[in-house]
Amino acid sequence: MTDTVLTGITTTGTPHLGNYVGAIRPAVEASQDSTQKSFYFMADFHALIKCQDPDAVAQSSKEIAATWLALGLNTDNAVFYRQSDIPEIPELMWVLSCMTAKGLMNRAHAYKAAVQANLDEQLDADAAVTMGLFSYPVLMAADILMFNATKVPVGRDQIQHVEMARDIAARFNHHYGETFALPSAVVDDNVAVLQGLDGRKMSKSYNNTIPLFLPEKKLKKHINKIKTNLLEPGEPKDADSSTVFQIWEAFATPEQTTSMRKEFENGIAWGEAKKQLFELINEQIAPARARYEEIINDPAYIESELAKGAERARSVATPLLDKVRSAVGIRTYR
Ligand code: TRP
């Protein structure tokens, strides 16, 4: 059986270089292969857990859709859709909720971290914890099981959620009969986890990101803000502990990486290294940035792409949900 690859992008924030290198670039590349079955979607229901600003959710969703399209996702091969366009997903979530042990959800890292933070503050354990946060892994399980996904590319922080989806699927299959494929998380060690401006992992939660489609001047400004040390021009610099070098590596060819490593040994000035980094990145993303500007100003085009994706997604979701309904005893009386 060929694998079905699926991953979701929570629609909070603006896509940044870390998202590009870690998730979007490999997915766009994979989408060129017509023998691969893949599903990519805007997880806008998931966004409501973290973000209760309606305009921010709407804006982020549109930006993410435009970004993936601008970068050349092949939407004839990959199924590209918005989670909220697939009503079968929340319906499946309910059914799965009834097969999910509460104890399993108690062990979810995100929930446990929220509880611990409350206890540290001497608050009630569940202060400000919503049912959305608590049952987030069940919604994610519905996303995955709805399309019989077998491979789920995610960051390390999401591995547990994919394992929970697998547990839920196995329990359902055991109780009601073989219905769902069992998914596995795929964490690609070759895909760079990009460092942010402060040297920690680039992440919107650390506020250290470089947005992907900044105008040139702003891109340059952001790159100039990458943290370095006080070594002067001419003093040898350690490439391996440098964020500038780490980002360079994510965009450069192996030859370019080797030659930059030499430049570090030879004491390249930080200003010069950053200038070259800007040129490298800018050259690679400039065509997609122009396309992005066109697409973001053409919402009808985005909607038509998503309508096509939703239709393809529902052609898989509808029959599977029928099967699920029948399996659990939600059946016509005739
Ligand atoms: N929770 C994931 C994240 O924050 C996004 C997501 C939602 C997802 N549904 C998914 C990822 C299904 C993989 C499969 O990164």
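## Helix α9 and its two faces

Contact here means heavy atoms within 4.5 Å of each other. With that in hand, one place to start in this predicted model is helix α9, which runs over residues 216–224. Its buried residues are Leu219, His222 and Ile223. They all sit on the same side of α9, because the arc they cover around the axis is only 100°. Part of what covers these buried residues is α12 (270–296).

Turn to the other side of α9 and you meet Lys217 and Lys221, both exposed. So the helix has a buried side with Leu219, His222 and Ile223, and the two lysines are on the other side.

## His46, tucked away

Helix α2 (residues 44–50) is home to His46. Is this histidine buried or exposed? His46 is buried: its relative accessible area comes to 4%, and the cut-off for that label is under 20%.

Who are its neighbours? Leaving out residues up to four places away in sequence, His46 touches Thr10, Gln83, Tyr136, Leu139, Met140 and Asp143. Of the elements named elsewhere in this report, α7 spans 131–145.

## Lys37 and the start of the chain

Lys37 belongs to strand β2. At 45% relative accessibility it falls in the partly exposed class, that is, between the 20% and 50% cut-offs.

Lys37 has its contacts with the beginning of the numbering: setting aside residues up to four places away in sequence, it touches Thr2, Asp3, Thr4 and Val5. Take Asp3 as an example. Lys37 and Asp3 are 34 residues apart along the chain, yet 6.9 Å separates their C-alpha atoms.

## The second largest pocket

Lys37 turns up again here. The second largest pocket holds about 200 Å³ of space and has 14 lining residues, with Thr4, Lys37, Phe39, Phe147 and Val316 nearest its centre. Two of those, Thr4 and Lys37, also touch each other.

Which elements give two or more residues to this lining? They are β2 (37–43) and α13 (299–328). Strand β2 gives the most, with three residues. Sorted by class, the lining splits into six nonpolar, six polar and two charged residues.

## Two positive phi values in one loop

The loop between α6 (109–120) and α7 (131–145) holds Gln122, and Ala128 lies in the loop between α6 and α7 as well. Neither residue is a glycine, but phi of Gln122 is positive, near 60°, and Ala128 has a positive phi of about 60°.

What about their surroundings? Gln122 counts as exposed at 73% relative accessibility, and Ala128 is exposed too, with a relative accessible area of 81%. Both values are over the 50% cut-off for that label.

## Cysteines without a bond

How many disulfides does the structure hold? The number is zero. To count as one, a pair of cysteine sulfur atoms would have to be within 2.5 Å.

As for individual cysteines, Cys51 is buried, with a relative accessible area of 16%. Cys98, on the other hand, is exposed, and its relative accessible area is 52%.

Definitions and conventions. Residues numbered from 1 in each chain as written. Predicted model: local features only at pLDDT ≥ 70, side-chain atom pairs only at ≥ 80, totals over all residues. Heavy atoms only, no water. Buried < 20%, exposed > 50% of the residue type's maximum accessible area, 1.4 Å probe, protein only. Helix = DSSP H or I, 4+ residues; strand = E, 2+ residues; numbered from the N terminus. Arc of directions from axis to C-beta. 1 Å grid on protein atoms, 1.4 Å probe; cavity = no way out; pocket = protein on both sides within 12 Å on 5 of 7 lines; lining within 4 Å. Points joined across faces, edges and corners; volume = space filled by probe spheres on them. Nonpolar A, V, L, I, M, F, W, Y, C, P; charged D, E, K, R; others polar.
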